[in-house]
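Visitor: Could you walk me through the place where the ligand sits? I would like to start with what surrounds it.

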Amino acid sequence: MDDNTTHFDPKDFRRALGMFATGVTIVTTQAGDGTPVGVTANSFNSVSLTPPLVLWSLAKSARSLQAFSDASHWNVHVLAEDQVAMSNLFARAGEDKFSGLQLDTGLNNTPLLHACSARFQCRTMFQYEGGDHIIFVGEVLGYDRSERPPLLYVTGNYALATPKAEPVSTEPLADIGAALYSEELLGYLLGRSHHQFMAGFRSRLNERQLSDGDFYVLSTLSVREPLSAEEIAQHVAYTAVNLDQHAPEALCERGLLQHSGAAGTSYTLSANGRDAVLHILAAAKDVEASVVDRLGEQEASLLRNLLKRLILATDPGLPKLWTATAPTSSH
Ligand SMILES: Cc1cc2nc3c(=O)[nH]c(=O)nc-3n(C[C@H](O)[C@H](O)[C@H](O)COP(=O)(O)O)c2cc1C
């Protein structure tokens, strides 16, 4: 570099910096006139353990610059993964960012936000010039933390932290079959995890002599009813269970469903059917609780996120069960 001016393409430079994954914080303080001030910042970093110091930097163009330059105290909130809306709110200039938010009162009357992964209450130690930013270094006077998984920011997007899995197998691939059908195959991983999960409460299905298909019909109706046989078939189409048009009728004969609607062509759960499905869903919840216990809340939440993304990526356009819109029917 021949002088202080670089000739980087700003967009490309930002993209390169964005390869460095960070958490997301909101830094708050109280302005001289008593109003709460806050800004989303991912420039936060730890500096020193003894004494406990942290830093972050604020653009000189930020509307909150004056308030932070004058402040003796400020709070850093490490956002949890479900606080994206709050991050976006505090990344907008000059809005009434605090309206409707529940607050605690921090040191020197500074506002403290709720439900974060961690919070650090700081006293301003130093302020440095840092190009188009001011770098604030604070002494941490108090902190708290929760088990809420933290939100990340990388390559210009919000992200979730997932621990890197150990390799499943170190065996060399024996032949072409092993190369095609390996432990890395998503289809194998998804199929095996689904069946192992179902095995955890299959005894409850057996007790009531319910097939997987029966269970899918009953659980669909526990969320949305009445539905016609065709609508039920649409909702459970993803399971690949061969559900013929007579399946609901057979459940009717067993007293688990009942006819509904003027023409009697739709179905609802009977009292017995509701009792059966609640009993089985409770067992499924127990299996889920023990899985979450073993994986940890953070990984379970990441897994849900990944599975939802996979479902969207492979959705052939099935009706949505958990939305207010009724499923489409060709009638
Ligand atoms: C994920 C994320 C991280 C950010 N990090 C910083 C940062 O470290 N420093 C900064 O000055 N602005 C940062 N911003 C932008 C500010 O939040 C934004 O400019 C905000 O409007 C400033 O508020 P103010 O103008 O009310 O002070 C970030 C925005 C996002 C979405």
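**The pocket and its ligand**

Guide: Gladly! In this predicted model, the lining of the second largest pocket takes at least two residues from each of helix 1 (10-17), strand 3, strand 5, helix 3 (84-90) and strand 11 (151-154).

Visitor: Which element gives the most to the lining of the second largest pocket?

Guide: Strand 3 is among the elements that supply at least two residues each. Its share is six residues, and the element that gives the most is strand 3.

Visitor: Which pocket holds the space taken by the ligand?

Guide: Two elements, strand 3 (36-41) and strand 5 (53-59), give two or more residues to the shell around the ligand. Both also supply at least two residues of the lining of the second largest pocket. The ligand's space is indeed the second largest pocket.

Visitor: What volume does the second largest pocket have?

Guide: Its lining consists of 48 residues, with Arg-14 and His-133 among the closest to the centre. By class, that lining has 22 nonpolar, 18 polar and eight charged residues. The volume comes to about 1700 Å³.

Visitor: Which residue has a side-chain N or O atom 2.6 Å from an oxygen atom of the ligand?

Guide: A nitrogen atom of the ligand is 2.9 Å from a polar backbone atom of Asn-42, so that pair involves the backbone and falls within the 3.5 Å cut-off for a polar contact. The side chain of Lys-97 has an N or O atom 2.9 Å from a ligand oxygen. The side chain at 2.6 Å belongs to Ser-43.

Conventions
Residues are numbered from 1 along each chain as its sequence is written. This is a predicted model: local features need pLDDT of at least 70, side-chain atom pairs count only at pLDDT 80 or more; totals for chains, interfaces and linings use all residues. Side-chain values use heavy atoms; hydrogens and water are left out. A polar contact is a pair of N or O atoms within 3.5 Å; within protein, one must be able to donate a hydrogen and the other to accept it, and residues adjacent in sequence count only if both atoms are side-chain atoms. On a 1 Å grid over the protein atoms alone, a cavity is a set of points where a 1.4 Å probe fits but cannot get out, and a pocket is an open set with protein on both sides within 12 Å along at least five of seven lines; lining residues have an atom within 4 Å of a point. A molecule sits in a cavity or pocket if more than half of its atoms lie within 2 Å of its grid points. Helices (H or I, at least four residues) and strands (E, at least two) are DSSP runs, numbered from the N terminus. Grid points are joined across faces, edges and corners, and a volume is the space filled by probe spheres set on the points. Ala, Val, Leu, Ile, Met, Phe, Trp, Tyr, Cys and Pro count as nonpolar, Asp, Glu, Lys and Arg as charged, and the others, Gly among them, as polar.
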